[in-house]
Amino acid sequence: MPRIRFLIASLVCLFTGIAGLHASDDAHLGLAVPQAVDAVIDGYVEEGAFPFVYVRLEDQDGRVFYEHAAVNDKLLNGQQVDGSSWMRIWSMSKIVTISVLMDLVEDGVLKLSDPVVKYIPEFAGLEVAVSANGEDLSLLADKKSACPLKTVPAKYQMTVLDLLNHRAGFYYEWTGIECLDLLFSDVDLPAADNSDDLVTRLASLPLINQPGTTSYYGTGTAVLGLVAERATGKSLKQLVIDRVTGPMGIKGLQYGLPAGEQLPPRISGKGGVLHQALADEMEEFGSRFPPYEPDSELYLGGEGMVATADGYADFARMLLRRGELNGYRFLEESTVEEIAAPHTDLDSPWGHNGYNLWVSNGKLGDGEMGPAPLWIGGGYEGTHFWIDPEREFVGIIMSQIVQVPEQGHGRDEAIRKAIYEQLETR
């Protein structure tokens, strides 16, 4: 049965808490039949794909023209979910760090062409892991044949631009190369006491490919944050406050969970049934999450922020408005255009990558066409955002889950499709 027809009132009352807020009469955007979108969102929770799903749409001026939450009360122990609920946003931290870095470039503090060792000399001796036969690990088809590894000297100096484009050779603990993943796990990056300790731990790991060659998604944006810290003498946390959230008045986007606030429980969908996540079910950093304590001194620029949907929507609106929010210009318009410009994945049939910002071209896998262009990003535990520069609004989808079960695949696309169908028929 299609999700849009799946809503059954009795099941909602028994298993799911549902709350919705829809377009006001004076909003210039609105959904023709918001209940149709509600049903798609509700279905993902009712089918056991997510412990909760929260969706928020804001126009460029910050007016909320659609908001809906579906919540499995039992899994969340009665915890409420709305636009002010704090979430672990993982890789949605990346575009924040990239924006800070680009602001520093505008101010002449550093250049994209700078070698990373200018700021992190501890990386001067980094080597590159290759298979026993000397093959490039990032291109290896048979990952089991990679071990035992050997290392070779780096042929090229990684640059700040390589970090932006994930071409510096950093990775996460899901390469599928068992011996490399074990090395990564043993280094235990989230356990670092501070940035200097993180540098030491990263310097002990080999790279997965030669810098400046192949794109490989990983911890390069965390290193970008370290570069920003070394270049300015300030912590990444303070740089975000001084350059992003403070001047633009953004509340709900930061390092360290505010005192008295609570994050959702860690839920896993491994095996197809939602349950409290076990240590070995969390993949990105092995069994650890980034530290979220208010007094932590470790700021993982690619993974470590917390945010509310309201707060992150404000940041996304800054990009939508080409670098300006609440009367303050943070980035030049040309810089935002550069962030969204084609940099990697240029041969993809679906779009291209900017600086860790996917720009869709509207082509869909089923041969249909969707809205384009959209600027899209997301995080490990099911957080997601998109920016529609033509229709001038932003969308935020929040959840918290590791190892999404099969019935949850395609969630973001399905929700966006339902939204645009109702926008088009309005």
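A trainee and a mentor discuss how some terms apply to this predicted model.

Mentor: In this predicted model, local features need pLDDT of at least 70 and side-chain atom pairs count only at pLDDT 80 or more, while totals for chains, interfaces and linings use all residues. Residues are numbered from 1 along each chain as its sequence is written, and side-chain values use heavy atoms, with hydrogens and water left out.

Trainee: How do you know that the span of helix α9 agrees with what is expected?

Mentor: Helices are DSSP runs of H or I with at least four residues, strands are runs of E with at least two, and both are numbered from the N terminus. The expected span is 1.5 Å times one less than the number of residues. For the 12 residues of α9 (residues 309-320) that gives 16 Å, and the end C-alpha atoms are 16 Å apart, so the two agree.

Trainee: What makes α9 largely enclosed by the rest of the structure?

Mentor: Buried means under 20% relative accessible area, exposed over 50%, and partly exposed in between (1.4 Å probe, protein chains only). In α9, 11 of the 12 residues are buried, so the helix is largely enclosed. Among them are Tyr-312, Asp-314 and Arg-317.

Trainee: Why is the pair of Phe-65 and Phe-393 called edge-to-face?

Mentor: Rings of Phe, Tyr and Trp (its six-membered ring) pair if their centres lie within 6.5 Å; planes under 30 degrees apart count as stacked, over 60 as edge-to-face and the rest as tilted. The whole structure has 17 aromatic pairs. Phe-65 and Phe-393 are 5.4 Å apart centre to centre, with 85 degrees between the planes, so by the definition the pair is edge-to-face. Phe-65 is in strand β3 (residues 64-72) and Phe-393 in strand β17 (residues 393-398), 328 residues apart.

Trainee: Are Phe-65 and Phe-393 buried or exposed?

Mentor: Phe-65 has a relative accessible area of 1%, so it is buried. Phe-393, at 0%, is buried too.

Trainee: What makes the pair of Tyr-172 and Tyr-217 tilted?

Mentor: Their ring centres are 5.9 Å apart and their planes stand at 55 degrees, so the pair is tilted. Tyr-172 is buried at 0%, whereas Tyr-217 is partly exposed at 36%.

Trainee: How do you know that Asp-162 has no salt bridge?

Mentor: A salt bridge needs a side-chain nitrogen of Lys or Arg within 4 Å of a carboxyl oxygen of Asp or Glu. Lys and Arg count as positive, Asp and Glu as negative; His and the chain ends are not counted. For the buried Asp-162, the nearest side chain of opposite charge is Arg-167, 6.3 Å away.
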